[in-house]
Amino acid sequence: MAKLDSKAPTGPIKEQWTKHKNDIQLVNPANKRNIDIIVIGTGLAGGSAAASLAEMGYNVKAFAYQDSPRRAHSIAAQGGINASKNYQNDGDSNYRLFYDTVKGGDYRSRESNVYRLAEVSGNIIDQCVAQGVPFARDYGGLLDNRSFGGVLVSRTFYAKGQTGQQLLLGAYSAMNRQIAKGKIQMYNRHEMLELVIVDGKARGIIARNLITGEIERHSAHAVVIGSGGYGNVFYLSTNAMGSNVTAAWRAHKKGAYFANPCYTQIHPTCIPRSGDHQSKLTLMSESLRNDGRIWVPKSMEDVEAIRSGKKKPIDLSEEERDYYLERRYPAFGNLVPRDVASRAAKERCDAGYGVNATGEAVFLDFKSAIQRYGKEKALVDGVHNPSPEKIIEFGAGVIKDKYGNLFQMYNKIVDTDPYTTPMMIYPAVHYTMGGLWVDYNLMTTIPGCYCIGEANFSDHGANRLGASALMQGLADGYFVLPYTIGDYLADEIRTGVIPTDSPAFDEAEKSVKDRLEKLMSINGSRSVDTFHKELGKYMWNLAGMARNEAGLKEAMVNIKKLREEFWQDVRIPGDLNSMNTELEKATRVADMLELGELFAKDALERRESCGGHFREESVEQDGPQKGEALRDDVNFKFVSAWEYKGEPGDAVLHKEELEFKDIELKTRSYK
Amino acid sequence: MSEKRDMDLTLKIWRQKDAKSAGKLETFQVKNISPDSSFLEMMDVLNEDLVAQNQEPVAFDHDCREGICGTCSLHIQGEAHGPDRAVTTCQLHMRKFKHGETIHIEPWRAKAFPVIKDLIVDRSAFDRIQQAGGFVSIPTSGNTQDANAIPIPKDDADTAFDSATCIGCGACVASCKNASAMLFVAAKVSQFALLPQGKVEAKRRVLHMVKQMDEEGFGNCTNTGACEVECPKEISLENIARMNREYLNASIK
Amino acid sequence: MTSLARKFVMALSGLFLITFITIHLLINSFSLGLWWDGEQLFNQGSHFMATNPLIQIMQYILAAGFIIHIALGIILTLKNKAARPTKYAVNKPSANSTMSSRSMIVTGLLVMAFIFLHMKDFFIKLKFGDPLPHVNYTHEGVVESLQNDFSLLDLFANPLYVAIYVLAFIALGIHLNHGFQSAFQSLGAADKKITPTIKMAGKAFSIFIAVGFSAIAIFHYINSLG
């Protein structure tokens with residue numbers, strides 16, 4: 001069992017990245033023309049990597065299951081992107097961004113990677129502005145910043161509530177420039193179904209053309225996976241319907257270790273489920289918690305009256321409401337981090353206080369904010385003794401300026417007016433911090449197979465701070481991978497074109513065809529979605545926000561059983577050799593049914609509570625933190641990297657011990 | 001939250017095996033549709049029913065289901081993205097329809113958007129237009145000047161942002177009686193024309209993008225304004241006027 | 001020619017024709033003899049139009065304007081039809097656009113048909129045959145004499161002709177209602193501030209043209225009833 005070598009540079013953390021860049025090998029520009037790179041996924045990470053690699057001179061083949069690179073789910077990110085520019089002169093620095101990210105991740109990330117992330121964060125903003133990304137600006141014409149996720153500085157750059165969209169379109173435009181030059185060959189509506197390993201190195205992929213059903217072979221000197229996260233293992237999440245783990249999982253089955261699969265971020269402010277028909281959950285930006293107060297009724301009678309429609313939430317007086325976050329966490333109140341807010345909502349709903357028909361919703365109330373802003377606006381405008389109606393009108397106007405598009409979106413989905421009736425929210429799966437294990441060069445444990453963005457186990461440890469996912473995706477793609485991949489490819493300049501008629505390709509293609517034919521031949525009784533929904537229920541109930549040993553063991557058993565049933569009873573109508581949307585779903589769900597079990601196994605193994613991951617057996621027993629998550633730095637200060645051994649349940653654990661030289665480990669307290 | 005009861009609906013949906021085959025409208029029934037479900041969730045119910053009957057589900061494009069990826073693209077009851085305003089198909093909710101209603105669902109119709117299957121069309125023409133010039137030609141080295149080196153008036157930045165919110169769904173083409181892509185192209189041309197970073201290549205960009213737009217077989221704009229009305233992101237016709245100015249300017253000088 | 005170039009030519013030729021129609025209405029209005037020295041001006045105007053060398057050149061330019069505008073309109077329509085080979089089974093354009101904007105080719109062709117009629121009745125005779133039209137009014141506003149056998153006023157005494165005339169100008173009004181503001185949009189003279197004003201002006205202008213020409217014809221018809 002080889003020890004995991006993170007290849008993290010030595011020396012002072014501030015000089016590591018510069019030193020590393022100076023030390024690694026380079027590929028001469030003339031030779032880059034002879035080297036092919038495959039990039040899977042065209043989101044912020046994949047898109048920026050493809051553009052940068054092509055820019056440097058490599059021949060890039062990029063793959064997306066969507067009909068255009070612009071549709072990758074990075075587009076849905078709302079809030080913003082962090083960078084330690086210190087434009088606001090509030091004392092920000094690379095070190096502070098590094099520190100906040102490591103602390104926010106509950107001390108489960110690799111210091112050197114996170115420092116590098118902070119170091120290149122400023123470049124991202126420069127790059128994006130130069131590309132024509134229309135960030136928000138102030139009246140002086142300079143870039144505006146907002147504060148996010150409870151940190152002490154304003155370092156978040158944003159473009160209204162559509163920052164992800166604007167950044168992705170920036171990367172997409174950079175890609176387009178290279179596609180036009182022929183440096184990127186774009187394969188839309190193609191899905192990678194297998195990684196091809198030749199002589200121990202990643203040398204290509206087997207992909208399915210989703211329009212014709214054709215199975216294609218593509219070779220390259222290196223394969224970069226930037227296919228995003230696997231939140232859809234929960235069925236309901238804020239991910240896109242097509243988001244999946246297949247590319248990463250296929251690499252895992254070919255030898256790439258899968259790290260921290262159980263690290264999932266559950267976002268506290270999403271629109272609740274309205275019924276069984278629901279296919280996905282919609283996020284409401286975290287920024288709403290700056291002005292909204294979260295509550296449920298104090299008494300069960302009121303809960304029932306609200307559910308049955310006899311009472312409206314606005315009928316309840318202040319005394320009849322339980323502002324549970326303010327009660328439990330007086331210091332941070334409604335602005336506790338995402339993981340804490342989510343768990344507290346679940347605790348109330350589990351206790352029976354959920355306020356909608358499904359019992360899974362709490363109120364997010366803007367009444368106080370409307371009053372406060374209304375009075376302030378009246379004073380500013382010189383309106384003395386304003387009427388209560390006038391105050392509400394003023395206040396609602398201020399709220400509209402800040403969150404208008406979110407309120408409109410809520411209204412379209414739920415059909416109630418959040419200006420007059422409190423919003424209902426509930427936590428939902430949003431992001432996965434786990435993913436393929438990578439070293440400092442972003443290479444997985446398979447030589448020549450790289451992993452970037454949300455797909456790798458990344459820089460966020462056990463919990464991600466707001467506005468840092470966009471930062472990581474673009475950092476990996478624009479500024480890290482394009483350098484580090486050269487270190488590997490420098491030895492490939494004499495390799496020549498990788499042939500696709502080798503036995504390795506034959507075998508990989510056959511395995512894909514066999515798998516697809518098997519799926520089509522089952523002709524059972526259940527649709528793919530019923531399996532996916534059932535998997536999601538096990539994941540949410542047994543491996544979700546709060547977990548315990550018995551539940552996780554149960555989850556592993558149930559998921560394994562479900563997987564066996566899937567391979568005996570799934571029904572996929574249509575053809576193998578043409579567009580078949582059910583077959584596409586089936587290949588993805590088949591892999592999620594394996595990942596789900598590993599997820600539960602990882603959660604079972606990690607007998608501590610940390611970050612977004614709450615283990616019921618690991619809670620503070622005494623003192624002011626009684627009942628809160630208890631992290632165990634003595635036994636679990638490591639990255640769990642799982643090696644595939646034939647069955648997800650048989651995976652073997654490898655530990656990368658984490659060292660904290662520049663940051664002192666502390667307990668997070670929000671009381 | 002609606003008090004309305006569940007609905008039974010008749011659906012008339014375009015079915016077409018592949019690009020080469022002829023297609024036709026087929027009739028389906030769905031029952032017990034919650035008014036709180038989205039239009040695509042109603043389609044999910046239909047497809048589950050079809051799978052249960054061992055029939056092939058209706059293929060339709062969709063992904064993020066929160067109105068930002070631009071994938072979903074249904075022509076519903078004679079309108080792109082259906083009868084609501086400022087929404088994509090995935091944000092359209094069934095409370096906009098009545099129990100017993102017959103709903104016609106068709107793919108986007110344009111020569112430049114050939115049908116791939118059922119309700120899915122090929123919008124790669126949009127990508128090719130962007131490839132013709134929808135970018136700023138700067139390397140991705142990060143070694144550009146500082147982000148705050150060039151102040152940009154807030155109004156220009158905000159207007160550029162409004163143009164940049166285009167999601168590339170194609171509703172403009174679908175609803176234009178001429179199947180013109182002007183609003184889509186104009187949004188990108190405008191975004192860059194308004195920013196100093198984009199001005200350097202402005203002339204080349206507009207000429208190349210318009211040329212590519214024409215080559216793709218889109219129709220000619222006749223200023224009916226249907227695109228602006230049906231655009232889920234409410235991209236303004238002003239963008240087209242701006243592109244016309246840019247083009248005129250680029251052609252004369 | 002790119003699609004945008006076609007737009008510009010369409011807009012420019014349209015604006016040119018708008019100028020022409022405005023002058024035409026002005027000259028026609030003199031035939032009423034209601035203001036200034038109407039009959040005098042009308043007669044002088046006719047004379048001027050028929051003899052002035054500049055106008056003789058302008059006539060060809062005007063004809064070219066018409067031909068370009070009409071030919072491009074037909075080409076555009078054919079191209080635009082080809083851009084959507086398969087029609088929607090159910091389409092609801094009324095939800096997103098005005099009838100006037102969608103029926104440009106129909107109103108345009110109606111106006112064109114009328115122009116042919118108009119050419120036959122007025123222009124050809126004027127140009128290649130008879131002496132200039134010349135009207136005289138009594139002080140009560142009743143026509144006293146005409147100095148040519150081609151008669152403007154005979155035509156307007158025919159109720160069918162007047163009906164066709166009025167219908168043609170209603171079609172032109174609808175055409176202009178979209179065409180006027182559309183020309184500005186095509187030339188890039190449009191934004192949130194000025195567009196509403198241009199649209200209002202276009203509406204007013206199209207009503208002015210349609211009502212103006214129609215009213216003159218009806219005036220002469222009523223006059224003819226004696």
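**Figure 1. A:Gln165 is a buried residue, with a relative accessible area of 1%.** The model shown here is predicted. A:Gln165 sits in helix H6 of chain A. Its value of 1% falls below the 20% limit, so A:Gln165 counts as buried. Leaving out residues up to four places away in sequence, A:Gln165 touches residues of chain A and of chain B. On the chain A side these are A:Ser74, A:Ile75 and A:Ala77. On the chain B side they are B:Ile68, B:Ala164, B:Thr165, B:Cys166 and B:Ile167.

**Figure 2. A:Ala159 lies in a loop of chain A.** The loop runs between strand E4 (156-157) and helix H6 (163-180). A:Ala159 is buried, and its relative accessible area is 1%. Residues up to four places away in sequence aside, A:Ala159 touches A:Pro134, A:Phe135, A:Ala136 and A:Gln166. It also touches B:Phe161, a residue of chain B. A:Gly80 is 79 residues away from A:Ala159 along the chain. Even so, the C-alpha atoms of A:Ala159 and A:Gly80 are separated by 7.2 Å.

**Figure 3. Two pairs of chains are in contact.** Chains A and B share the most contacts of these pairs. Among the contacts between chains A and B is the one that joins A:Ala159 to B:Phe161. Chain A and chain C have no contact. The closest C-alpha atoms of chains A and C lie 20 Å apart.

**Figure 4. Chain B holds nine helices and seven strands.** Its C-alpha atoms fill a box of roughly 60 × 40 × 40 Å along the principal axes. Chain B has 253 residues, and 68% of them count as buried. Take the contacts in chain B with a separation of 6 or more: 70% of them join residues 24 or more positions apart. The accessible surface of chain B is about 8,300 Å². Carbon and sulfur atoms account for 50% of that surface. Chain B carries 30 positive and 35 negative charges. The mean positions of the positive and negative charges are 5 Å apart.

**Figure 5. Four residues of chain C make a nonpolar surface patch.** They are C:Leu54, C:Ile57, C:Met58 and C:Ile61. The patch covers about 370 Å². C:Ile61 belongs to helix H3 (residues 53-82) of chain C. The relative accessible area of C:Ile61 is 42%. This value lies between the limits of 20% and 50%, so C:Ile61 is partly exposed.

How values were computed. Residues numbered from 1 in each chain as written. Chains lettered and ligands numbered in written order. Predicted model: local features only at pLDDT ≥ 70, side-chain atom pairs only at ≥ 80, totals over all residues. Heavy atoms only, no water. Helix = DSSP H or I, 4+ residues; strand = E, 2+ residues; numbered from the N terminus. Buried < 20%, exposed > 50% of the residue type's maximum accessible area, 1.4 Å probe, protein only. Contact = heavy atoms within 4.5 Å. Areas by Shrake-Rupley, 256 points an atom, 1.4 Å probe, with all protein chains shown as cover. Lys, Arg positive; Asp, Glu negative; His and termini not counted. Charge placed at Lys NZ, Arg CZ, Asp CG, Glu CD. Patch = residues over 30% accessible without salt bridge, like charges linked within 9 Å, V, L, I, M, F, W, Y side chains within 5 Å. Salt bridge = Lys/Arg side-chain N within 4 Å of Asp/Glu carboxyl O.
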